[in-house]
Amino acid sequence: MTSLSAIIFVLLQIGLVPTNATYDVSFQTSSRSVSEDVGIISIPVDISGGVMDTTISVSATGVGTAQEGLDYVILTTSVTGDSDSGATVSVRIVSDDITEEAEDFVISIDGCADNTRRDPCVAGSIDTVTITIESNAGAGAGQDPHFV
């Protein structure tokens with residue numbers, strides 16, 4: 001191996017030179033149903049391509065019947081992971097005493113960045129996940145117990 005080849009090899013190994021490989025990040029599933037009293041849920045994100053350090057941004061899309069801040073709170077809008085362990089988005093489901101129909105909301109992958117090799121990152125085949133919150137307040141769904 002020539003000196004230049006050896007230097008390039010080392011730079012590739014420590015991530016200072018882009019390899020021009022692409023990789024993607026994707027939720028493991030496109031939908032999930034949870035009970036309103038579940039507390040905090042973890043939503044796994046897969047990262048492909050042997051990437052060692054990736055930052056992923058997520059947000060609520062505004063689609064759905066659940067209201068951010070009242071029915072749920074996204075606790076991690078930016079997560080870091082790698083191809084071996086992936087990453088996890090945490091969401092707190094807010095429980096209330098109101099008997100209501102199931103509500104849902106959608107979280108999307110907004111972007112991602114390879115912090116080591118600077119390779120291009122794209123959203124994978126499952127770039128949104130719909131979370132359905134099932135009421136835990138009992139019979140009479142859709143009725144406010146204060147007015148029954």
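This report describes the secondary structure, sheets, burial and confidence of a predicted model.

**Overall content**

The protein contains one helix and 10 strands. Along the sequence the elements follow the pattern α-β-β-β-β-β-β-β-β-β-β. Of the 148 residues, 31% are buried. The exposed surface comes to about 8,100 Å², and carbon and sulfur atoms supply 52% of that area. Where contacts join residues at least 6 apart in sequence, 74% of them are between residues at least 24 apart.

**Confidence**

The mean pLDDT of the protein is 80, with 73% of the residues at 70 or more. Among the elements, β2 has the highest mean pLDDT, 97, and helix α1 (residues 3-14) the lowest, 54. Over residues 139-148 the pLDDT stays under 50, and the model has 16 contacts beyond four places in sequence for this stretch.

**The sheet with β4**

One open sheet has five strands in the order β2-β10-β8-β4-β6, and its pairing is mixed. The edges are held by β2 (31-35) and β6 (78-81); each has a single partner strand, so one side of each is left without a neighbour in the sheet. Neighbouring strands here are turned by 30 degrees against each other on average, direction ignored.

Strand β4 (residues 54-60) pairs with β6 in the antiparallel sense over four bridges. β4 also pairs with β8 in the antiparallel sense, over seven bridges. Ser-57 takes part on both sides: Ser-78 stands opposite Ser-57 in β6, and Gly-111 is the bridge partner of Ser-57 in β8. Thr-55 has Thr-80 as its bridge partner in β6.

In a regular strand, side chains alternate between the two faces of the sheet. β4 shows such an alternation: Thr-54, Ile-56, Val-58 and Ala-60 point to one face and are buried, whereas Thr-55, Ser-57 and Ser-59 point to the other and are not buried.

**The sheet with β3**

A further open sheet of five strands runs in the order β5-β7-β3-β1-β9, again with mixed pairing. Its edge strands are β5 and β9 (121-123); each has a single partner strand, so one side of each lacks a neighbour in the sheet. The average turn between neighbouring strands of this sheet is 25 degrees, direction ignored.

Within this sheet, β3 (residues 40-47) and β7 (residues 87-93) run antiparallel and are joined by six bridges. Ile-43 stands opposite Val-89 in β7.

The antiparallel pairings described above are listed here.

| Strand pair | Bridges |
|---|---|
| β4 and β6 | four bridges |
| β4 and β8 | seven bridges |
| β3 and β7 | six bridges |

**The aromatic pair**

The count of aromatic pairs comes to one. Tyr-72 and Phe-105 form this pair, with 3.7 Å centre to centre and 5 degrees between the planes. The pair counts as stacked because planes under 30 degrees apart fall in that class.

Tyr-72 lies in β5 (residues 72-74) and Phe-105 in β8 (residues 103-114), so the pair links parts of the chain that are 33 residues apart. β5 belongs to the sheet β5-β7-β3-β1-β9, while β8 belongs to the sheet β2-β10-β8-β4-β6. Both rings belong to buried residues: the relative accessible area is 4% for Tyr-72 and 0% for Phe-105. The residues count as buried because the cut-off is under 20% relative accessible area.

Methods:
Residues are numbered from 1 along each chain as its sequence is written. Side-chain values use heavy atoms; hydrogens and water are left out. Two strands pair if DSSP finds at least two bridges between them. Helices (H or I, at least four residues) and strands (E, at least two) are DSSP runs, numbered from the N terminus. Axes are lines fitted to C-alpha atoms, for helices over the stretch in contact, and angles run from 0 to 180 degrees between N-to-C directions. Rings of Phe, Tyr and Trp (its six-membered ring) pair if their centres lie within 6.5 Å; planes under 30 degrees apart count as stacked, over 60 as edge-to-face and the rest as tilted. Buried means under 20% relative accessible area, exposed over 50%, partly exposed in between (1.4 Å probe, protein chains only). Contact means heavy atoms within 4.5 Å. Accessible areas come from the Shrake-Rupley method with a 1.4 Å probe; for residues, only the protein chains shown count as cover. pLDDT is the predictor's confidence in each residue, from 0 to 100.
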